[in-house]
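Subject: Structure handover

Hi,

Here is the structure I promised to pass on. Please have it open while you read; my notes follow right below.

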Amino acid sequence: MTVAVDDTGVRARRAALTAIAAVEEGGAYSNLAVPEAVAGLPDARDRAFASHLAYDTLRWRGTLDWALGLVLTRPIGDVEAPLRRILHLGAVQLLRSGVPTPAAVSTSVALARSAVPAGRAKGAAGFVNGVLRNLARRLDDLPWPDPDVDPVQHLALTTAHPAWVVTDLLGRFGDADTRAILEADNDPPGLTLRVAGDRDRVLAELREAGIDATATATSPEGVRAPGADPRRLPAVAEGRATPQDEASMLVVRATRVAAGDHVLDLCSGPGGKATHLAAIVGASGSVTGVELHPHRARLVEETAARMGVAVDVRIGDATAPPLQGGEVFDVVLLDGPCTGLGTGRRRPEVRWRRQPEDVASLARLQRRMLDVAVERTRPGGHLTFSVCTWTAGETTEVVRDLLERAGDRVGLVEERQLRPDTDGTDGMYLATFRRR
Ligand SMILES: C[S@@+](CC[C@H](N)C(=O)[O-])C[C@H]1O[C@@H](n2cnc3c(N)ncnc32)[C@H](O)[C@@H]1O
């Protein structure tokens, strides 16, 4: 069967490929790259299909590499990038998306023809056709690892996560919870908003627009708006709401911040938590935000302006913050740089971008920043450490070490791992201390 390259099925898959290339080659985040790549498709069903394929391909990359490795005669890494992406996209349709084999293969072949110079089109088409047909023939007897013999590899391949992440989580959470977390980490979460002001008004507006909006389970300012596009919501444009996961709202509440407090947010870009803190402290308090990267500092300023709150943003390094010597705050938040594995529901590629050695180097940075955070918290004030991840090295171990180093100066008052399976939020860890 041949498929014309302007066929809508090919067009949707080409949009998915554009998104995958932007993420894998360009380093883009999928939650931005996918909506952008599919926006030009005229039909809503094609847009949904292309998004689904792009996210699934990014999410299941390890399993796709494994399955393709069974039928390839050379390592998948040796296949030139455009054809490798087409193989991934074809394989995900065979393994996960229930697309009939003829449609998955013929559209992949059409894409392969136009992915290489004209002189090599025939060879590329034959290669992709052969690999995908071989894989299709083996679908019913793929050698999935036995869970009793190789539980890590079994979980890795059946939940779409790298083996090192599985091993790390098994050590911290045990078998059943690890599987539950990893499976929930694959469920796209839908939009959540933080509302500044009247939540009922925003809920009513969203429902009027046909969105099945509900209040968040725990946070008093959150709204779940499944299927909504934040770029089209008047409440967002007018600064009455901003996209934010409920986990981030709960971190801000865990800081114990109150009206009139003077707050330091040591890693403030892009400003979700800084602007939330600013809304709570009000005009009698203050929020000072430090951020290393100027473009992310600008995002804090833009969000603050849109939401009508004040954040004093300073470009600088949290390990040597641009503050006066001896200046201390009622509340300090260190929402530190981390592996970001807990945001896998929105950015499934992050798990494949990260390497085990990142955990140790980020944890070292977090420890140095925490020492600064302790220094900058006034006696009697509160300090919160948070990260959007769940590796032991970036969470409980960092906190245990802080208590060993500075247990005479800080006491732990709350420690919590938010989870997608039990809390319906991103995987965010927080620990709040009181400064003695
Ligand atoms: C997890 S994000 C913070 C998210 C933010 N609190 C929010 O809610 O929008 C960590 C931030 O730390 C910044 N960062 C990384 N290294 C830093 C450093 N040495 N000093 C200050 N900021 C840093 C990153 O650019 C990033 O914006």
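Helix H4 (residues 61–69) and helix H5 (residues 81–95) pack at about 95°, with 10 Å between their axes, so H4 and H5 are roughly perpendicular to each other (a term for angles of 65 to 115 degrees). Axes here are lines fitted to C-alpha atoms, for helices over the stretch in contact, and angles run from 0 to 180 degrees between N-to-C directions. From H4, the contact uses Arg 61, Thr 63, Leu 64, Ala 67 and Leu 68, and from H5 Leu 87, His 88, Ala 91, Val 92 and Leu 95 (contact: C-beta atoms, placed from the backbone, within 7 Å). By class, this contact has seven nonpolar, two polar and one charged residues; Ala, Val, Leu, Ile, Met, Phe, Trp, Tyr, Cys and Pro count as nonpolar, Asp, Glu, Lys and Arg as charged, and the others, Gly among them, as polar.

Before you go further: this is a predicted model, where local features need pLDDT of at least 70, side-chain atom pairs count only at pLDDT 80 or more, and totals for chains, interfaces and linings use all residues. Residues are numbered from 1 along each chain as its sequence is written.

Now the sheets. Helices (H or I, at least four residues) and strands (E, at least two) are DSSP runs numbered from the N terminus, and two strands pair if DSSP finds at least two bridges between them. One open sheet has four strands in the order E2-E3-E1-E4, with antiparallel pairing. Its edge strands are E2 (214–215) and E4 (241–243). Inside this sheet, E1 (residues 191–195) and E3 (residues 222–225) share four bridges, and Leu 191 has Ala 225 as its bridge partner.

The other open sheet is mixed, with seven strands ordered E7-E6-E5-E8-E9-E11-E10. E7 (312–315) and E10 (410–417) each have a single partner strand, so one side of each lacks a neighbour in the sheet. Neighbouring strands are turned by 15° against each other on average, direction ignored. E8 (residues 329–335) and E9 (residues 377–387) pair in parallel over six bridges, with Phe 329 opposite Thr 377.

H14 lies across E5 (262–265), E6 and E8, at about 170° to E6. Helix H14 (272–281) and strand E6 (286–291) also each supply at least two residues of the shell around the ligand. Of the 18 residues there, Cys 267, Gly 269, Lys 273, Leu 292 and Ala 318 come nearest (near: C-beta atom, placed from the backbone, within 6 Å). The shell has six nonpolar, seven polar and five charged residues.

Happy exploring!

Conventions: Parallel < 35°, antiparallel > 145°, perpendicular 65-115°, else oblique. Contact = placed C-beta atoms within 7 Å.
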